[in-house]
Amino acid sequence: DGTFYGMQTFDQALLTHLKAGNISMEEAMKAATSPNDFKLSVAAGGDSSEPPTPTETTTDCAKGEVWDEKTGACIKAEDSSLNDDQRFGAVRELAYAGRPDEAMAILAAMTEGETSRVLTYRGFLLRQTGQIEDGIAAYERAIALDAGNILARSYYGQLLVQMNETDLARLQLAAIRLHGGDGSWAERALSDAIATGVTYTY
């Protein structure tokens, strides 16, 4: 998977710096050895089936705050010193911690507008809080903005599995593969969900 005996690939190291807010997405994409794969990896939370690693965002920070690695402090999500990649990481972490309402509040603080990735996680959080129809609408808007958003397709497919719409979920899996997602976390997660009925919470 690119990690050998505790070593990281260059792109994995870039991802670590991106999540910590040390570099911007634009800088990371310019430096990445494989920009397309790197973008997919970011979209899939590092392209890992492992849960997000808890940080002070979920262990120490108050509601509405995000841990900033650079300053070593909890900062209000609206603060301009944070970037949207940091906020996005906090959204994913809070979602996994079973705190979807807090995750939604951080998501609302993102400044990039209704982008495909924002809509993807909005759909995910709506799904987690039982707002299925609204979740479906968010996923479909995310995919309409970016047909190659394989994470949105994976989450949408997993929702379809939960709804016993396996044939429709398989269509999303086929679309993930069509858009170059073979072997990605998004592809594996949906494939596993179709096979086992078990879906992911992050």
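Let's go straight to α8 and α9: their axes come within 9 Å and cross at roughly 150 degrees. Axes here are lines fitted to C-alpha atoms, for helices over the stretch in contact, with angles running from 0 to 180 degrees between N-to-C directions. Helices themselves are DSSP runs of H or I with at least four residues, numbered from the N terminus. With that angle, α8 and α9 are roughly antiparallel to each other; the term covers angles over 145 degrees, while under 35 counts as roughly parallel, 65 to 115 as roughly perpendicular and the rest as oblique. The crossing of this pair is left-handed, that is, the near helix is turned anticlockwise from the far one by less than a right angle. On the α8 side the contact is made by I132, I136, Y139, E140, A142 and I143, and on the α9 side by A152, R153, Y155, Y156 and L159. Contact means heavy atoms within 4.5 Å.

A quick word on what you are looking at. This is a predicted model, in which local features need pLDDT of at least 70 and side-chain atom pairs count only at pLDDT 80 or more, whereas totals for chains, interfaces and linings use all residues. Residues are numbered from 1 along each chain as its sequence is written, and side-chain values use heavy atoms, with hydrogens and water left out.

Now one helix further along. The axes of α9 and α10 come within 8 Å, crossing at roughly 165 degrees, and that makes α9 roughly antiparallel to α10. Here α9 contributes I150, R153, S154, Y156, G157, L160 and V161 to the contact, and α10 contributes T166, L168, A169, Q172, A175 and I176. The handedness of this crossing is left-handed.

Please look at the loop between α9 and α10, where N164 lies. Phi of N164 is near 65 degrees, a positive value in a residue other than glycine. Most residues other than glycine have a negative phi. Is N164 buried or exposed? At 67% relative accessibility, N164 counts as exposed; the cut-offs are under 20% relative accessible area for buried, over 50% for exposed and partly exposed in between, with a 1.4 Å probe and protein chains only.

Let's step back to α7, residues 116-128. The 13 residues of α7 should span 18 Å at 1.5 Å a residue, and its end C-alpha atoms are 18 Å apart, which agrees. The expected span is 1.5 Å times one less than the number of residues. How many of the 13 residues of α7 are buried? The count is 10, so α7 is largely enclosed by the rest of the structure. Among the buried ones are V118, Y121, F124 and L125. And what covers them? The cover includes α5, α6, α8 and α9.

One of those neighbours deserves a closer look: the axes of α7 and α8 come within 8 Å and cross at roughly 160 degrees. That makes α7 roughly antiparallel to α8. The residues in this contact include L119, G123 and F124 of α7 and G135, A138 and Y139 of α8. Again, α7 passes α8 in a left-handed crossing. After α7 comes G130, whose phi is positive, near 85 degrees.

Next, α5, another part of the cover over α7. This helix has 13 residues and reaches 18 Å from its first C-alpha to its last, close to the 18 Å expected. In α5, 11 of the 13 residues are buried, so α5 is largely enclosed by the rest of the structure. The buried set includes charged residues such as D84, D85, R87, R92 and E93.

That brings me to salt bridges, meaning a side-chain nitrogen of Lys or Arg within 4 Å of a carboxyl oxygen of Asp or Glu. The structure holds nine of them. In one, R87 pairs with D84, with the closest N and O atoms 2.7 Å apart. These two are three residues apart in α5 and so are separated by about one helical turn. R87 counts as buried at 2% relative accessibility, and D84 is buried too, at 9%.

Two more involve α7 arginines. R117 bridges to E112 at 2.9 Å between the closest N and O atoms; R117 is partly exposed at 22%, as is E112 at 29%. R122 forms a salt bridge with E114, the closest N and O atoms being 2.6 Å apart. Salt bridges that share partners also join D85, E112 and R117 into one network.
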